[in-house]
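Welcome, and please have your viewer ready. We will go from one selection to the next and look at what each one shows.

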Amino acid sequence: MKTLVVGASTNTERYSFKATKMLLAKGHEVELLGKRAGEIEGKEINTSNPDFKNIDTITLYVAPNHQPDLYDYLLGLKPRRIIFNPGTENEVFEEKAKTAGIIVEEACTLVLLSTKQY
């Protein structure tokens with residue numbers, strides 16, 4: 001199962017960084033998308049919109065006001081689910097995802113991983 005971390009950052013204080021580290025530590029395959037290039041644990045942070053394949057889960061770390069430009073791109077990746085982490089909840093995007101047959105979760109990726117619910 002491959003996870004796309006949207007809002008990835010090399011800033012060790014950011015939850016997207018912590019989630020990436022925890023996903024990798026637990027053996028998950030990850031792809032990273034962020035505003036600034038860099039890398040986490042050898043994984044490149046993409047700043048364009050690559051045509052990622054086989055994305056199971058998208059975990060969002062982007063504020064709702066920055067999400068509209070991502071709607072079509074992320075939905076086009078056809079993930080099984082999108083996790084809206086605290087502060088990223090977005091009724092419009094969540095409805096678009098549900099309409100596209102994507103599971104929507106308002107949850108914290110770190111908590112899901114810590115409690116073996118991921």
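A pocket, in the sense used here, is an open set of grid points where a 1.4 Å probe fits, with protein on both sides within 12 Å along at least five of seven lines, and its lining residues have an atom within 4 Å of a point. Keep in mind throughout that this is a predicted model.

**Stop 1: the largest pocket.** Select Gly7, Ala8, Lys35, Tyr61 and Val62, which lie nearest the centre of the largest pocket. How many residues line the largest pocket? The lining has 22 residues. Colour them by class and you will find 10 nonpolar, eight polar and four charged residues. The space inside comes to about 620 Å³.

**Stop 2: the sheet.** Now switch to a cartoon view and show the strands. Seven of them form an open sheet with mixed pairing, in the order β3-β4-β2-β1-β5-β6-β7. Go to its edges by selecting 38-40 for β3 and 103-106 for β7; each of these strands pairs on one side only. Ignoring direction, neighbouring strands of this sheet are turned against each other by 25° on average.

**Stop 3: strand β2 and its partners.** Select residues 29-33, which make up β2. Is β2 mostly covered or mostly open? Mostly covered: four of its five residues are buried. Add β1, residues 2-6, which runs parallel to β2 and is joined to β2 by five bridges. Here you can pick out Lys2, which stands opposite Glu29 of β2. Then add β4, residues 43-46, which pairs with β2 in the parallel sense over two bridges. Click on Leu33 and look across to β4, where its bridge partner is Asn46.

**Stop 4: helix α1.** Select residues 15-25 for helix α1, and show the side chains of Ser16, Phe17, Ala19, Thr20 and Leu23, which are buried. Turn the view to look down the axis of α1: the buried residues fall within an arc of 165°, so they line one face of the helix. Next, show Tyr15 and Ala25, exposed residues on the face of α1 turned away from its buried side.

**Stop 5: Glu91.** For the last selection, pick Glu91, which is found in helix α3, residues 91-99. Why does Glu91 count as exposed? Its relative accessibility is 68%, and exposed means over 50%. Finish by drawing a C-alpha to C-alpha distance from Glu91 to Pro64: the two are 27 residues apart in sequence and 9.1 Å apart in space.

Note on methods:
Residues numbered from 1 in each chain as written. Predicted model: local features only at pLDDT ≥ 70, side-chain atom pairs only at ≥ 80, totals over all residues. Heavy atoms only, no water. 1 Å grid on protein atoms, 1.4 Å probe; cavity = no way out; pocket = protein on both sides within 12 Å on 5 of 7 lines; lining within 4 Å. Points joined across faces, edges and corners; volume = space filled by probe spheres on them. Nonpolar A, V, L, I, M, F, W, Y, C, P; charged D, E, K, R; others polar. Pairing = 2+ DSSP bridges. Axes fitted to C-alpha atoms, helices over the stretch in contact; angles between N-to-C directions. Buried < 20%, exposed > 50% of the residue type's maximum accessible area, 1.4 Å probe, protein only. Arc of directions from axis to C-beta.
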